Amino acid sequence: MISQAFNLEGKIALVTGCDTGLGQGMAVGLAEAGCDIVGINIVEPKETIEKVTALGRRFLSLTADMSDISGFAGLLERAVAEYGKIDILVNNAGIIRREDAISFSEKDWDDVMNLNIKSVFFMSQTVAKQFLKQGTGGKIINIASMLSYQGGIRVPSYTASKSAVMGVTRLLANEWAQHGINVNAIAPGYMATNNTQQLRADEARSAAILERIPAGRWGLPEDLKGPAVFLASPASDYINGYTLAVDGGWLAR
């Protein structure tokens, strides 16, 4: 039955940056599909823990600064010691800094690039080594952006990092598909999260954005549940290196 292809019962999903917003939505969606969750956050994700455990799933909370890659091996060791394996990685942790390109600082460049792309590559590498050790393949889902496709304004390091996420997703898929490791990405459109609070507070800018979205609304964290479960499940076993836009039709406009 095709429904079984989406069943993630008994799978372990590691989700970074799942205390709020899109990360929380994906973690809860994966738990609804059957996963136990390992969450890596800079703060304790209390609300996400409550939502996941209310579904009867386990949640292992690990606290770390994801921009510091030196701790990745230790984090994975703790996760495997607790659950015995990892089946799915969702690289969601990320930040954005807004400033005109003419005035953009080196610190804002480095902070965003370190978290949004450097950590994505090295966490993927760390987990892929575990997948190879397990010998059963695995799923990696990176979180890209509309600015993986477009230039945007006033977010130079974010645009650079999310364009890189799309490219690295393709590269890793090319190398690891032969090992049964699927690497794909989700590119959320304009979503109602902390990252877009400034945009939504600007009435003129918000109206201009909404006018271009055929669906006529900002996206919600719940809108990523289905795509995340699909890319984490056997239903997507022959999908490699693809970035799935979840944007209400923004790119089609």
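# A walk through the model, starting at Arg154

Okay, let me open with one residue: Arg154, which is partly exposed, with a relative accessible area of 37%. Before I go on, please keep in mind that what you have on the screen is a predicted model. Back to Arg154, then. You'll find Arg154 in the loop between S5 and H5. What is there to notice about its backbone? Arg154 has a positive phi, about 65°, although it isn't a glycine.

Right, from that loop let's go inside. Where do the nonpolar residues gather? As background, in soluble globular proteins nonpolar side chains tend to be buried together. In this model, the largest nonpolar core holds 42 residues, and Val38, Ile40 and Ile86 have the most contacts inside it. Who contributes? At least two residues of this core come from each of these elements: strand S1 (12-16), S2, S3, helix H3 (72-83), helix H4 (106-134), helix H5 (156-176) and strand S6 (181-188). Which of them supplies the largest share? That would be H4, with seven residues.

If you click on Ile40, you can see who surrounds it. Setting aside neighbours within four places in sequence, Ile40 is in contact with Leu14, Val15, Thr16 and Gly17, and with Leu62, Ala64, Met66, Leu75 and Met123 as well. And there's another core, apart from the one we've just been in: it has 28 residues, including Leu30, Ala31, Val90 and Ile186.

Next stop, helix H2, residues 46-53. Which of its residues are buried? Thr48, Ile49 and Val52. Those residues all sit on the same side of H2, because they cover an arc of only 100° around the axis. Now turn the helix around: the face away from that buried side carries Lys46 and Glu50, which are exposed. And what does the buried side pack against? The buried residues of H2 pack against helix H1 (21-32), strand S2 (36-41) and strand S3 (59-63).

Now, cysteines. How many disulfides are there? The count comes to zero. A quick reminder: a disulfide is a covalent bond between the sulfur atoms of two cysteines. So why not here? Take Cys18: the closest cysteine sulfur belongs to Cys35 and is 12 Å away, which is too far for a bond. Seen from the other end, Cys35 is in no disulfide either, with the sulfur of Cys18 as its nearest cysteine sulfur, 12 Å away. Buried or exposed? Cys18 counts as buried, at 0% relative accessibility, and Cys35 is buried as well, also at 0%.

On to charges. The count of salt bridges comes to eleven, and I'll show you some of them.

Here's one: the side chains of Asp36 and Arg58 meet in a salt bridge, at 2.8 Å from N to O. This pair links distant parts of the chain, with Asp36 in strand S2, Arg58 in the loop between H2 and S3, and their positions 22 residues apart in sequence. The two ends have their own surroundings: Asp36 counts as buried, at 10% relative accessibility, while Arg58 is partly exposed, at 41%.

Another one is Lys139 with Asp237, a salt bridge whose closest N and O atoms are 2.7 Å apart. Lys139 lies in strand S5 and Asp237 in the loop between helix H8 (225-232) and strand S7 (243-246), so this pair ties together parts that are 98 residues apart in sequence. Lys139 is buried, at 6% relative accessibility, whereas Asp237 is partly exposed, with a relative accessible area of 46%. What else does Lys139 touch? Not counting residues up to four places away in sequence, its contacts include Asp87, Ile88, Leu89, Phe131 and Asn182. Also among them are Leu231, Ala232, Ser233 and Ser236.

Then there's Asp223 with Arg217, whose side chains meet in a salt bridge at 2.9 Å, N to O. Here Asp223 is partly exposed, at 26%, and Arg217 is partly exposed too, at 41%.

And one last thing to find on your screens: Arg97, Lys107, Asp108 and Asp111 are linked together in a network of salt bridges.

That's my tour. Over to you.

Notes:
Residues numbered from 1 in each chain as written. Predicted model: local features only at pLDDT ≥ 70, side-chain atom pairs only at ≥ 80, totals over all residues. Heavy atoms only, no water. Buried < 20%, exposed > 50% of the residue type's maximum accessible area, 1.4 Å probe, protein only. Helix = DSSP H or I, 4+ residues; strand = E, 2+ residues; numbered from the N terminus. Arc of directions from axis to C-beta. Contact = heavy atoms within 4.5 Å. Disulfide = S-S within 2.5 Å. Core = buried A, V, L, I, M, F, W, Y, C linked by side-chain atoms within 4.5 Å. Salt bridge = Lys/Arg side-chain N within 4 Å of Asp/Glu carboxyl O.
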